[in-house]
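Ready for some practice in reading a protein model? Work through each exercise with the structure open beside you, then compare your reasoning with the solution.

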Amino acid sequence: MAERVWSEKDLARRANRRLAVLRHAEEVSGNVAATCRYYGISRNVFYRWKLGQGRCAHAAPAAGCSSDDSGGRPSSSRPRLIISGGGRPP
């Protein structure tokens, strides 16, 4: 399946939503679990966004971000089996 190409408008919208969630937890509720329930995201996603905040230039979200833009959903529910060599598992 081909990867989705995000427009600058989409990237800015996604970055602004992430910032709104992070700010809500810090400034409004002070409670990560309540914020995650309110926005409908998992706490794992919240903390991934929080850790990734330092890697992107959020002051200019339209410039794009090289961090994970999956929105917290795994691309596949099954782990991949990588086979090297003769095509047979060890």
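**Exercise 1.** Find Ala34 in this predicted model. Which helix does Ala34 lie in, and is Ala34 buried, partly exposed or exposed?

*Solution.* Start with the position: Ala34 belongs to helix 2, which covers residues 32-39. Next, take the relative accessibility of Ala34, which is 26%. Buried would require a value under 20%, and exposed a value over 50%. Ala34 therefore counts as partly exposed.

As a last step, look across to His24, ten residues away from Ala34 along the chain. The C-alpha atoms of these two residues are separated by 9.8 Å.

**Exercise 2.** Describe how helix 1 and helix 2 are placed relative to each other. Why are they called oblique?

*Solution.* What should you look for? Two packed helices are described by the angle between their axes and the distance between the axes.

- Distance: the axes of helix 1 and helix 2 come within 9 Å.
- Angle: the two axes cross at roughly 140°.
- Class: roughly antiparallel would need an angle over 145 degrees, and roughly perpendicular covers 65 to 115. The angle of roughly 140° fits neither class, so helix 1 and helix 2 are oblique to each other.
- Handedness: the crossing of helix 1 past helix 2 is right-handed.

**Exercise 3.** Which residues of helix 1 and helix 2 meet, and how many of them are nonpolar, polar and charged?

*Solution.* First, list each side. Helix 1 contributes Arg17, Ala20, Val21, His24, Ala25 and Ser29. From helix 2 come Thr35, Tyr38 and Tyr39. Then sort the residues of this contact by class: five are nonpolar, three are polar and one is charged.

**Exercise 4.** How many salt bridges does a search of the whole structure find, and which residues do they join into one network?

*Solution.* The search finds two salt bridges. Take them one by one.

1. Arg4 pairs with Asp10 through their side chains, with an N to O distance of 3.5 Å.
2. Arg13 also forms a salt bridge with Asp10, and here the closest N and O atoms are 3.2 Å apart. Both Arg13 and Asp10 sit in helix 1 (residues 8-29), separated by three residues, or about one turn of the helix.

Now put the pairs together: through shared partners, the salt bridges link Arg4, Asp10 and Arg13 into one network.

Finally, check the accessibility of each member. Asp10 is buried, at 18%. Arg13 is partly exposed, at 48%, and Arg4 is exposed, at 53%.

Note on methods:
Residues are numbered from 1 along each chain as its sequence is written. This is a predicted model: local features need pLDDT of at least 70, side-chain atom pairs count only at pLDDT 80 or more; totals for chains, interfaces and linings use all residues. Side-chain values use heavy atoms; hydrogens and water are left out. A salt bridge is a side-chain nitrogen of Lys or Arg within 4 Å of a carboxyl oxygen of Asp or Glu. Buried means under 20% relative accessible area, exposed over 50%, partly exposed in between (1.4 Å probe, protein chains only). Helices (H or I, at least four residues) and strands (E, at least two) are DSSP runs, numbered from the N terminus. Axes are lines fitted to C-alpha atoms, for helices over the stretch in contact, and angles run from 0 to 180 degrees between N-to-C directions. Angles under 35 degrees count as roughly parallel, over 145 as roughly antiparallel, 65 to 115 as roughly perpendicular and the rest as oblique. A crossing is left-handed if the near helix is turned anticlockwise from the far one by less than a right angle, and right-handed if clockwise. Contact means heavy atoms within 4.5 Å. Ala, Val, Leu, Ile, Met, Phe, Trp, Tyr, Cys and Pro count as nonpolar, Asp, Glu, Lys and Arg as charged, and the others, Gly among them, as polar.
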